[in-house]
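Subject: Structure handover

Dear colleague,

I am passing on the structure that follows, and below it you will find my notes on what was found. Please read them with the model open beside you.

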Amino acid sequence: NSELFTLTYGALVTQLCKDYENDDDVNKQLDKMGYNIGVRLIEDFLARSNVGRCHDFRETADVIAKIAFKMYLGITPSITNWSPGGDEFSLILENNPLVDFVELPDNHSTLIYSNLLCGVLRGALEMVQMAVDVKFVQDTLKGDSVTEIRMKFIRRIEDNLPAGEE
Amino acid sequence: TVHTSLDVVDEKISAMGKALVDQRELYLGLLYPTEDYKVYGYVTNSKVKFVMVVDSSNTALRDNEIRSMFRKLHNSYTDIMCNPFYNPGDRIHSRAFDTMVNSMMMQVC
């Protein structure tokens with residue numbers, strides 16, 4: 001039963017909207033919070049899922065969609081739209097438990113409601129030495145038929161600096 | 001008309017007293033017939049009141065249809081309550097709610 005989770009996330013987002021006056025700041029905060037969750041969540045994930053090191057970005061995509069999303073959100077997004085170089089792909093979510101019952105009011109049309117997810121993915125992958133860029137390109141809250149997250153591999157992180165908290 | 005019927009709703013609620021409240025008793029039935037309209041009431045456990053005003057010329061509308069309309073309204077209302085952007089007491093601006101109400105009204109007109 002994920003209603004408490006959905007309602008908690010909703011309360012978080014609306015509180016941020018009250019605290020920061022514009023959507024852009026809220027989006028940044030959500031990303032930051034997500035990042036802080038991601039750098040910690042990855043340890044739990046690796047311990048519970050027992051997956052080994054991924055050999056390429058395609059494997060990473062599979063693990064994220066089929067294991068991680070399933071484990072933490074109970075959904076399995078599909079992987080599509082691979083770039084020719086194999087460094088970018090899309091996750092398509094038919095439904096997103098974070099947004100159950102949510103309707104974006106007109107005065108928050110630029111809010112990226114689920115932006116926390118982008119931060120989580122970015123933070124988690126950084127801890128396994130991958131720098132990625134994650135962003136929403138479609139959102140059911142904005143009228144699109146599906147929610148689409150675009151993930152782009154930037155580079156491998158060679159120097160193991162301790163994870164900075166942003 | 002709606003304000004008078006709200007008084008009737010309050011009367012009926014206080015008459016119910018400590019009766020066990022279940023689905024059937026949430027529905028208050030025909031509150032108050034006038035020349036032009038029939039007014040039906042429904043109250044939730046949280047004292048949220050739904051009032052439906054129906055044109056008297058619509059005699060085809062049966063009691064169980066009204067009940068099911070109130071049930072749908074109640075379900076949509078709880079969905080709206082779950083929207084974190086909705087503040088209880090505000091005017092309802094939900095697209096989903098409007099769509100549901102419109103389709104319901106089209107069925108009976």
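In this predicted model, H4(A) lies across E3 and E4 of chain A, in contact with them (heavy atoms within 4.5 Å), and runs at about 165 degrees to E3(A). Such angles run from 0 to 180 degrees between N-to-C directions, with axes fitted as lines to C-alpha atoms, for helices over the stretch in contact. The labels H and E stand for DSSP runs numbered from the N terminus, helices (H or I) having at least four residues and strands (E) at least two. H3(A), in turn, lies across E1, E2, E3 and E4 of chain A, and runs at about 15 degrees to E2(A).

As for conventions, residues are numbered from 1 along each chain as its sequence is written, while chains are lettered from A and ligands numbered from 1 in the order in which they are written. Local features need pLDDT of at least 70 and side-chain atom pairs count only at pLDDT 80 or more, whereas totals for chains, interfaces and linings use all residues, and side-chain values use heavy atoms, with hydrogens and water left out.

The strands beneath this description form an open sheet of four, in the order E1-E2-E4-E3 (chain A), with antiparallel pairing; two strands pair if DSSP finds at least two bridges between them. E1 (78–80) and E3 of chain A stand at the edges with a single partner strand each, so one side of each has no neighbour in the sheet. From one strand to the next, the twist averages 30 degrees. E3(A) and E4(A) are paired over eight bridges in the antiparallel sense, and A:Ala131 has A:Arg155 in E4(A) as its bridge partner.

The largest nonpolar core (buried Ala, Val, Leu, Ile, Met, Phe, Trp, Tyr and Cys residues joined through side-chain atoms within 4.5 Å) has 42 residues, and A:Phe69 and A:Leu91 are among those with the most contacts inside it. H3(A) gives the most to this core, with eight residues.

Finally, A:Glu88 is found in strand E2 (residues 88–93) of chain A. A:Glu88 counts as buried because its relative accessibility is 18%, where buried means under 20% relative accessible area, exposed over 50% and partly exposed in between (1.4 Å probe, protein chains only). The side chains of A:Glu88 and A:Arg150 are joined by a polar contact of 2.9 Å, that is, a pair of N or O atoms within 3.5 Å of which, within protein, one must be able to donate a hydrogen and the other to accept it, residues adjacent in sequence counting only if both atoms are side-chain atoms.

With kind regards
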